[in-house]
Amino acid sequence: MLFSSGYTLHRVRGFILLPRVNAARQDIQRERISLNAGWRFSRFTSNPDSLTYGTNLKSWVLPSANDFLTGSKRARPSGTPPGTNIQYVQASFDDSSWEHVDLPHDWAIKGPFGAPGIGGGMGRLPSNGVGWYRRRLTVAEGDLDKSIFLDIDGAMSYAAVWLNGNLVGGWPYGYASFRVDLTPYVKVGDDNVLAIRLDNAVETSRWYPGAGIYRNVWLVKVDPTHVVKFGTYLTTPTVSAKSADLNLTVEVENRGKGDRQINVVTTVHLLDPATRQASANAIVTFPEASASIAAGGRSALKSFVTVENPLLWGPPPSQNPNMYVAVTTLTADNATIDRYETRFGIRTVAYDTKKGVLVNGQAVRVQGTCNHGDHGSLGTAFNLRAAERQLLMLQEMGVNALRTSHNPPAPEWLDLADQLGFMVLDEIFDCWKSMKTTNDYHLLFDDWHEADLRSFIRRDRNHPSVIAWSFGNEIGEQRSDSGGVIGRQLHDIVLAEDPTRPSTAAMNSASAGSPFADALDIESLNYQGEGLGTSMSSSFPNFRQKYPNKMIWSSESSSVLSTRGTFIFPVASADSVTVGSRAGENAGLMHVSAYDLYAPSWGSSPDKVFGQQDRYPYVAGEFVWTGWDYLGEPTPYSSARSSYFGIIDLAGFKKDRFYLYQSRWRPDLPMAHMIPHWTWPDRVGEVTPVHVFSAADEAELFVNGKSAGRLKKAQYTYRFRWDNVTYSPGDIRVVTYKDGKQWATDAKKTVGAAARLQVTADRTTIRDDGYDLSFITVTVVDANGDTVPRANDTITFSISGPGQIVSTDNGDPTDMTAFPSSTRKAFSGLALAIVRANSTGQIAVSAAAKGLAGGQVVLQVN
């Protein structure tokens, strides 16, 4: 099956930066107001209110899903809703003793580690409990003629919403973006009490889920006749360099009391890449569409237009991620009643069984990573700059594709993917009816899978970055007949919502020809394609034979483990080894060797994965597990706090394998990277292998000026290895060659004792918006300014000026120091502080350590 399509991006707001305080952007009659500021919050470790989803909230929350159900709707029960008399929803309740928080907010990230009932898999942080949030809303007299909605981009989990003591609705899935209608419950004045209850059990996830209202929250005020939530759908069925045909569907609802005659006009504008705003002049206008919509009814208005000489969206470096904005205006009775913006890109995507993914006719090898949603020491509370930093570092490595494992991301994360030109495999479920943990999504699947899936597709289907949908990861039913039945049901829901993209699910054990695999448009293999563990037995040929007309890719690959900067001896001679007591680990310290050869029983080194993908060139590429380390799932040590899988550690420091992937994915970049460091006072005279990552085809190593040999890369070899080098203090240097010409060099030397702290910032100018961040790196260096590779000095951060230290980290998966601490040990010579501004001016961030000269960096806040 071959799919070909072009896609769009839907955003209501006309900007991408997150506001700090309430700020309305008025699009004629539509207002979208941030409700991120000014909340009161309290967490309870035991149930304070006798409410539970299963016991008394479920029947009142289920109707919130009605807009995304195609069959019978859920009726709101009669009688008094639960929670009406609970003190936390009442205007009279005094919440002054509660914590003051701004959103997005992750209540668990401040710690401490070692939370009762929360193991290493969920990150050892206190994510469980009941959380209540309260704030007041102002409603003007003129607002009473409008529809007023609350849009929550993500709340973990089992959200229930009250306004003025009335249970409005909610949504249980913590990764869903949802809307509830406040209109019937608002009153004029500034004392509308909004209360939101969340409820997190233990054993809800296999990784750190976070806790709280961890994404943005919006108040939407609009005419009763308006474009519905996720109400535009743009496709580009025909695209060439000369022209592109655009199909637009605008869904309008009438919540008024009488019938309404409306007209819809949509103009198309270029999106300015600098301002992220629509250009002033329209380049084309859709024909006007009109309809008479009955009270309580909806209408889908369709139109078509052609864009001449379109600027196409495509992944760098060979293409550019150009974007457009469709501005839809609704009029009735000669007045503008709504204005709605849709960002989109024009491009084609095809899925070829031999060439893989083709974007605008050009084959693009999938060089992807899987990504969880946390921002390290910031937790899951979404932050645009933290997300941007993560994606830019992946792009520097050569990544061009992202898998949202295993849940929908924040809307702004996909905005960034569009803006930067990533291809996205957008995933929604980690389980269906069969549980992986006691309290995971299997409890919700029967009641919520349709609404969750349809709303997810409608939210994201206009993003040009999204090239495929995934409705499952390593699903428990994949080896049973029921897996095929459910898989086909989910596939058909996706197809109904978006017939332009293929859908898939990631398989770690389903076989070719199984009902589960039959239900997929793309055959997505986790690990089995390269061969599990050290086995070279690949499932690629079986899937290729069974599905000659389907594209195949590795939806999850490698899972190699390492602790940044930690090298353990002896070094395995094989190119992929299962980590264990005699292979690549120091179990006492819970470290895994940074030679990046060691994987869990199902995983493989990058070298082995590269070789297997090259042996089967019809495979479209891979999504490596994972781009960044993440909280929770600390394989192979359950006593740790965070993962070892990442190519970049939790603090954002590159592990050495970053350069192995860069040599593979950016073959035109002159680069050589050598491991290990060369400061080993306890290894004099011992064998200390030297490995080099480079896209070069030859390399010569010099140890203290003497050649250790010149090597040529053999077929299916992806690093240079000198495994018999004997350590002596001094230096090592490599010179690499490509096509007979010198390509790149690297050198390491024996360094001296720690002498001072070097302090640098990723950005020395930041905004005073309460969200922008500067990431401050402290490097322990010797008297010559060279990094001391095993330094673990205790560093104390301090700050002066209008800012605060939000968190610190060092990338060590075993460090149980709470993230808000201003004191942090260096790990392998590095430590991190994250700084946010409170107002304009200058901020000085200082670092000090006993016996070392301190350092400082100055930030300008505008």
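The chain averages a pLDDT of 95, and 97% of the residues score at least 70. The model is predicted. Confidence is lower at the start of the chain: pLDDT stays under 50 over residues 1-27. For this stretch the model has 142 contacts beyond four places in sequence.

Two helices were examined as a packed pair. Helix H8 spans residues 606-615 and helix H9 spans residues 657-665. Their axes lie 11 Å apart and meet at an angle of about 20 degrees. Angles under 35 degrees count as roughly parallel, and H8 and H9 are therefore roughly parallel to each other. The crossing of H8 past H9 is right-handed. On the H8 side, the contact is made by Pro 606, Asp 607, Phe 610, Gln 613 and Asp 614. H9 contributes Arg 657, Leu 660, Tyr 661 and Arg 664. By class, this contact of H8 with H9 has four nonpolar, one polar and four charged residues.

Further along the sequence lies a sheet. Four strands form this open sheet, in the order E39-E38-E41-E42, with antiparallel pairing. Strand E39 (706-712) and strand E42 (741-749) stand at the edges. Each has a single partner strand, so one side of each is left without a neighbour in the sheet. Neighbouring strands are turned by 15 degrees against each other on average, direction ignored.

Within the sheet, strand E38 (residues 698-703) and strand E41 (residues 731-738) run antiparallel and are joined by six bridges. Phe 702 stands opposite Arg 733 in E41.

Key: Residues numbered from 1 in each chain as written. Predicted model: local features only at pLDDT ≥ 70, side-chain atom pairs only at ≥ 80, totals over all residues. Heavy atoms only, no water. Axes fitted to C-alpha atoms, helices over the stretch in contact; angles between N-to-C directions. Parallel < 35°, antiparallel > 145°, perpendicular 65-115°, else oblique. Left-handed = near helix turned anticlockwise from the far one by under 90°. Contact = heavy atoms within 4.5 Å. Nonpolar A, V, L, I, M, F, W, Y, C, P; charged D, E, K, R; others polar. pLDDT = per-residue confidence, 0-100. Pairing = 2+ DSSP bridges.
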